[in-house]
Amino acid sequence: NEGTARKYVRSVAWVFEDDGKSPAGMATREYFDLTKASLKNKVGNNQRAAGVKCWRDFWEAHRGGILEKAGDIKLYKVNYKPTHTRMELKNLAMSEPETADEKKL
């Protein structure tokens with residue numbers, strides 16, 4: 001059904017906006033399991049996990065293929081903004097390792 005497909009597309013876009021994982025990373029079983037267990041998924045009536053499941057199926061069927069560009073179709077737009085710039089990530093990588101107490105948090 002067209003309406004259900006649209007909901008899955010948007011749920012995958014929202015998950016990407018939240019997590020910023022690569023398309024291949026979002027297609028893994030591990031990512032699906034983490035998404036399924038998340039509070040946002042449970043509060044959202046399992047929509048996030050359902051979308052990721054559909055993404056996994058799509059990715060498997062189209063891996064290595066050429067995909068069409070979405071152009072200006074609003075349905076496929078994502079509003080992803082990285083939480084750190086490249087310089088901030090470099091500085092994080094060079095900072096002191098976590099203490100045992102910090103790892104517990």
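**Note on an all-helical predicted model**

1. The chain has seven helices and zero strands. Read from the N terminus, its elements follow the order α-α-α-α-α-α-α. The model is a predicted one, and the points below should be read accordingly.

2. On burial and surface, the chain counts 105 residues, of which 18% are buried. Its exposed area is about 8,700 Å², with 56% supplied by carbon and sulfur atoms.

3. As to contacts along the chain, consider those with a separation of 6 or more: residues 24 or more positions apart account for 60% of them.

4. The largest pocket holds about 750 Å³ of space. Its lining comprises 18 residues, and V9, W55, F58, L67 and Y76 are the closest to the pocket centre. Two or more lining residues come from each of α1 (2–19), α2 (23–26) and α5. By character, the lining of this largest pocket divides into 16 nonpolar residues, two charged and no polar.

5. Helix α5, which spans residues 47–62, includes Q47. Is Q47 buried, partly exposed or exposed? Q47 counts as partly exposed because its relative accessibility is 32%, a value between the 20% and 50% cut-offs.

6. Beyond its neighbours within four places in sequence, Q47 is in contact with K7, S11 and N41. For one of these partners, K7, the position along the chain is 40 residues from Q47, while the two C-alpha atoms are separated by 8.1 Å.

Conventions:
Residues are numbered from 1 along each chain as its sequence is written. This is a predicted model: local features need pLDDT of at least 70, side-chain atom pairs count only at pLDDT 80 or more; totals for chains, interfaces and linings use all residues. Side-chain values use heavy atoms; hydrogens and water are left out. Helices (H or I, at least four residues) and strands (E, at least two) are DSSP runs, numbered from the N terminus. Buried means under 20% relative accessible area, exposed over 50%, partly exposed in between (1.4 Å probe, protein chains only). Contact means heavy atoms within 4.5 Å. Accessible areas come from the Shrake-Rupley method with a 1.4 Å probe; for residues, only the protein chains shown count as cover. On a 1 Å grid over the protein atoms alone, a cavity is a set of points where a 1.4 Å probe fits but cannot get out, and a pocket is an open set with protein on both sides within 12 Å along at least five of seven lines; lining residues have an atom within 4 Å of a point. Grid points are joined across faces, edges and corners, and a volume is the space filled by probe spheres set on the points. Ala, Val, Leu, Ile, Met, Phe, Trp, Tyr, Cys and Pro count as nonpolar, Asp, Glu, Lys and Arg as charged, and the others, Gly among them, as polar.
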